[in-house]
Amino acid sequence: MKDHDRLTLALVLDSFGNRGNGTSNSAIQYAQGLEALGHRVRLVGVGSTDYPARVHRIPLVSAVAARQQMSFARADPDLFRRAFAGVDLVHIYEPFAFGRAALSQARSMGIPVTAGFHIQPENITYSSGPLRYLPGVDVAIYRLFRFWLYDHVRHIHVPTQLTADLLRSHGYKACLHVISNGYQPRFNPGDRYERDRYERQRSGRLIQVVASGRLAREKDHLTLIRALALCRNRRRICLTIAGTGPMEHRLKAETARQLDGMQVSIGFHQNATMPDLLRQADLLVHPSIADLESVSVLEGMACGAVPVIARSSLSAAGHFALTQHSLFPVGKAQALASQIDWWVDHPHALSVWSSRYAEHTKEHYSLDASVRAFAHMAVQAVSDQEPGRV
């Protein structure tokens, strides 16, 4: 089989249709990109218009997942048989019951299966209250995911080298394909630089600081709020935190207490409105503790926002930084405040690096390049299972 061969693929994910959830958003973007290359794609899961699944409600667990913009799908052998009939490959996004049932059905039909690793165990434990303090809990979840799904497939898509390194350190033996989730081309600077020429001449212009992502504990937006309270230039800054999640009320309470007098907006933004918001941003602050990639940072950089990213051993986002002024030690509010102040004090550098980040992101992280790499992985997985191959 050659790369130019056209495949029919089934993408299996518990919940489609929520563009505020990173995994769902990536799956939909990949489906569109694969179809643009001539492949045929079937989406299987809750919210799919192709092969919709029913919601599986789990006491307590579903309520917590809903706050993270996630839901679980109910396994249905008949749905899988219809969805997988005639497909060349089944790709599974998550190791939960729906994905495991899909694996079993595909195997019974002789269809090759690949998987993606998009759920970081540390994200789960940080959202689990006291559970995260239990010694060895993250190790146990990595092992459980292996047992459930990843020990049973030969090819795994991982979004960053950090993800690959984490999986190797936890005993994952499959072939790991490092492929960025990428970002859509509608995230671009637009008329940003034409507009900025006039904006910089306006006295009293506020510096727009934006953060984007789930409002969850491990995303650590509290450190951003504390940092802004420490900034020398706080009166020259306004803040937007775009997202929703279990920390929303806490974050609003903290901004009211610590950032009195600052223009602040916290809440959900439709995905379609995000390019315009990011084009208005001067700085995109990403204080997250744990991230397998963080497409929101890519989207911000692609729109010309200069990133200031937490350096964390559990987050790949720090690798996007092109200058030392785009990094700070995770959880250190004073260090973040110093970086924000530096950018406010150096408007020319802010303008220069805005353009550099936009150009670098377009060159290295385009969705088109990612989809082509994913299609290559799919072709390889199908070829591995052809008669006569070991």
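Two strands are taken to pair if DSSP finds at least two bridges between them. With that criterion in mind, the tour of this predicted model starts in a sheet.

**First stop: strand β13 and its neighbours**

Select strand β11, residues 283-286, together with β13. The two strands pair in the parallel sense, and four bridges connect them. Within this pairing, V285 has V308 of β13 as its bridge partner. Next, add strand β15, residues 327-329, which runs parallel to β13 and is joined to it by three bridges. Here A310 stands opposite F328 of β15. Strand β13 itself spans residues 306-311 and is mostly covered, with five of its six residues buried.

**Second stop: the loop after β13**

Move on to S312, in the loop between β13 and β14 (314-315). Is S312 buried or exposed? Its relative accessibility is 13%, so S312 counts as buried. Display its surroundings: leaving out residues up to four places away in sequence, S312 touches S288, I289 and V330.

**Third stop: the nonpolar cores**

Nonpolar side chains tend to be buried together in soluble globular proteins. The largest nonpolar core of this model has 55 residues, and those with the most contacts inside it are L224, L228, I237 and I340. Which helix gives the most to this core? Helix α13, residues 333-345, does, with six residues. Centre the view on L228: apart from its neighbours within four places in sequence, L228 is in contact with R234, I237, L239, L259, M262 and I340. Another core, of 43 residues, lies apart from the largest one and can be located by selecting A10, F72, A102 and Y172, which are among its members.

**Fourth stop: two residues with positive phi**

Most residues other than glycine have a negative phi. Select D220, which is not a glycine yet has a positive phi of about 55 degrees. D220 lies in the loop between β8 (207-212) and α9 (221-230). Its relative accessible area is 11%, and therefore D220 is buried.

Then select S294, whose phi is also positive, near 85 degrees. S294 is found in the loop between β12 (290-291) and α12 (295-302). At 11% relative accessibility, S294 counts as buried.

**Fifth stop: salt bridges**

The model holds eleven salt bridges. Begin with D291 and K219, whose closest N and O atoms are 2.7 Å apart. This pair links distant parts of the chain, with D291 in strand β12 and K219 in the loop between β8 and α9, 72 residues apart. Both D291 and K219 are buried.

Turn next to helix α15, residues 367-384, where D368 and R372 lie four residues apart, about one turn of the helix. Their side chains meet in a salt bridge at 3.2 Å, N to O. D368 is partly exposed, with a relative accessible area of 46%, and R372 is partly exposed as well, at 47%.

A further salt bridge joins D151 to R146, with the closest N and O atoms 3.3 Å apart. D151 counts as partly exposed at 41% relative accessibility. How does R146 count, buried or partly exposed? At 21% relative accessibility, R146 counts as partly exposed, because buried means under 20%.

To finish, select R250, E254 and R257, which are linked in a network of salt bridges.

Note on methods:
Residues are numbered from 1 along each chain as its sequence is written. This is a predicted model: local features need pLDDT of at least 70, side-chain atom pairs count only at pLDDT 80 or more; totals for chains, interfaces and linings use all residues. Side-chain values use heavy atoms; hydrogens and water are left out. A nonpolar core is a set of buried Ala, Val, Leu, Ile, Met, Phe, Trp, Tyr and Cys residues joined through side-chain atoms within 4.5 Å. Buried means under 20% relative accessible area, exposed over 50%, partly exposed in between (1.4 Å probe, protein chains only). Contact means heavy atoms within 4.5 Å. A salt bridge is a side-chain nitrogen of Lys or Arg within 4 Å of a carboxyl oxygen of Asp or Glu.
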